[in-house]
Amino acid sequence: MKLIRCRYNQFDNGHGLLPRTSLEHDLLVDIYIGQPGQGCHPLAFQLRWLKEVRHGQIDSSILDALKKLLQLAIGHDLPLERLINHFLNNPHIDGRIQHSIQFINHNDDPILQHFYNNQSGCYQQLGMNQDIDRIIDQFVSNDFIKWAYDKAITIYKQQINENDSPHAHYQLGYIYHYGLSSNGMDANKAFKYYRSAVNKNHPGAQFMLYQLYSSQKRSHTLSNCHNCYIQHHSPRDQSTDGLPSTITAVTGTLCNPTINNNNNIEQLSDNCNGHFNNLTCLDTQNITVNSTTTVTTFPTLNDNNNDLSHRYVKVIDDIQLIELKVKTYVIAAASGKGYTDAYHQLSIVYDIWPEWRDAVHRLHSQLLEIISHGNQSNQQTQHQLADTYNQLGFLTLFLNIDNTEVDNKKALLYFNKAAALGNPSGYYNIAEMYSLGYTTDITLDEEERDMIIINYRCCAAEHGHHLSQFLMGLYYTHYQEDLIKSSYYFIRSLQYGYAATLSYMTFYYLHGWGGVKQDFHRAYLYCLLSATANDYDFSITGKDNRSEAYDMLGYMHEHGLGVEINYQTSLQCYAQAARFGNLQSCCCLAKLIEKRKTNVDHHLSHSIQLYKFAATSSSCVQGYANYRLGKLYRNNQYVDICDQQLAASYFEQACSFYQQILETARPAQLYHMGIMYQYGYGTDMNKATASECYKNAINQSQQSKNIFDLYYSKKAKKRYEQLNIQT
């Protein structure tokens, strides 16, 4: 097995029902080369996953090269991995291929390698240099991160005590699985919580449960490799094995939820999320987690197996483990591709290992047999039969690598039957088929197809599919601009509190949007959980919600929103967000250092380097970063760096950027433009234009409930009044 990191390009997914990702760095994907099936491209299933989930494609020259290498390997009875290795080390290789792919340091165990590759910092992906890395890392506090997870543990245990929340069980399992809190790793606790969540049909737990089982072969490999322990936040639903329902078509009118007024939102919030109402666990002091909790004991690895007992609960036969994982991967992936990485992992192992391919085909045959016997003997309950139809629909699509119309029709039939029998994932998967163009309704135009997708997602959401509830929340937020309906769906999806949902609810409570009452304390709770929770697939959300959560935590600690002002904690939060590549947090971190707001040693050079890094980006923060650099170099108090000519240059760049975005500028940007016009920073002094900028900032905030806009509006109002008095 060989692991290659490869660049890819995004294409338009054909409709605008999901946010588009705006990235400043190369899009990279890890691909795996092993023992592909006969007649298949070495990456056939991984390429389809990339297309369906990430809306991406790898350059055709790379794919053609890999296909030819496979043909050579078969014709000369050579291992494909060795041939690829020789090919990539050839100095005469096509430059495009050299630029686009690289080998990752290979290890015999692909599971370990999968861990290593996902632990490379997000700021590396954004192209940060080593100097920026070092500056950020000295302000990151692992103690604070552990504290945040300890808080999360307390909240999740409270939810379990109050309503036995499946998602709380799942999150606790994940935290103990990867040792993210101060309690460290505990495989037995993780297995206990995962199993409780599995019993409540949680898709994430389905995927993770048997990651705590090891095969005999892997246990021998892992016993010599302990350095894959994750120091901070493990990637979302990262697989430790690495590689390791009939209904009438919904068309026409959108099936809307009944929402009469804002009070309904508040009632729904309280009814659906009573476990969030008691916020006493969110005091700002350290929490002592009850260490006397009774934990059920499961079979564990013995101590003489090089102390792997903290990572696994049982060692079983290789084939048995593959059978178990194939079943749970299919269950998880069929529930919704955005919940976990199950679809991706299944695509990888199907591409590279014949044992996994055999297990997938056996499961497909078993599901067909169950359907046949179930229809004849009625031995299965309606719920079980619905699940079986849904899984069979997923596998039928999965194995239809040639995208034949016959198999697509079969899959659609299975999903319809699953939905008719009450499985909400059936509705979700039908929407996915329309979204990916796997239906035969070629007469539909784009608007008609989008309406069908939304209606099926709405049906899934109303039947309790939490990912669909989140997607409907996104739809009403970004494309209908109906925050009342969006909050309705987001609040319902909170029953599975993934980071993305928690992030949206943070802002709704922070600003008092969507019919919810402004509540800084509750906003802080959601923000803290968002920073520590697993998330949907990146393709669903279009952003890194952990990064955004840490940035928001920094802001709330800096300004005393829902928590006491604490600049040191604010700095640590900004640093953690910056570590994840958040450029806004880079600037906030730089300003805290510049203003000597913390007890850390004052190094103005750190602020300058952070501002410069943000200023050279294509992000919307470049204007502010250049503005701050201008202020720094203009300040006569900083004798060692004061440079009026350099200051003017940075002000000019800031002013140029703000002028380009003038029509869409927010109050913060208008405020900074006002200052530059008022004092002639980077432009001719023009107090009339400055006054107009301040006035526009004030007027914008009067129509907004955005607290960031209101903050700069107050500052703009003060300057506007002073300016008018002077004139």
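**A covered helix and the cores of a predicted model**

Let me begin with one helix, α22, whose buried residues are K485, S486, S487, Y488, Y489, F490, I491, R492 and S493. Please keep in mind throughout that what we are looking at is a predicted model. Helix α22 runs over residues 483–493, and with nine of its 11 residues buried, the helix is mostly covered. At its N-terminal end you will find D482, which acts as a cap, since a side-chain oxygen of D482 sits 3.3 Å from the backbone nitrogen of I484.

Now let us step back to the protein chain as a whole, which has 727 residues, 59% of them counted as buried. Its secondary structure amounts to 34 helices and seven strands, and the chain exposes about 30,800 Å², of which carbon and sulfur atoms supply 45%.

What about the interior? The largest nonpolar core holds 199 residues, and the members that touch the most others are I58, Y194, F394, F398, L589 and L610. Helix α8, covering residues 142–163, gives the most to this core, namely 10 residues. Apart from that core lies another one, made of eight residues, and among them are I454, A461, Y475 and Y488; you may recall Y488 from the list of buried residues of α22.

To finish, I would like to look at L610 in the largest core, and to ask which residues it contacts once its neighbours within four places in sequence are left aside. With those set aside, L610 is in contact with I132, I135 and I136, and also with C586, L589, A590 and I593. Of these contacts, L589 has already come up as one of the residues that touch the most other members of the largest core.

Terms used:
Residues numbered from 1 in each chain as written. Predicted model: local features only at pLDDT ≥ 70, side-chain atom pairs only at ≥ 80, totals over all residues. Heavy atoms only, no water. Core = buried A, V, L, I, M, F, W, Y, C linked by side-chain atoms within 4.5 Å. Buried < 20%, exposed > 50% of the residue type's maximum accessible area, 1.4 Å probe, protein only. Helix = DSSP H or I, 4+ residues; strand = E, 2+ residues; numbered from the N terminus. Contact = heavy atoms within 4.5 Å. Polar contact = N/O pair within 3.5 Å; in protein donor to acceptor, adjacent residues only side chain to side chain. Areas by Shrake-Rupley, 256 points an atom, 1.4 Å probe, with all protein chains shown as cover.
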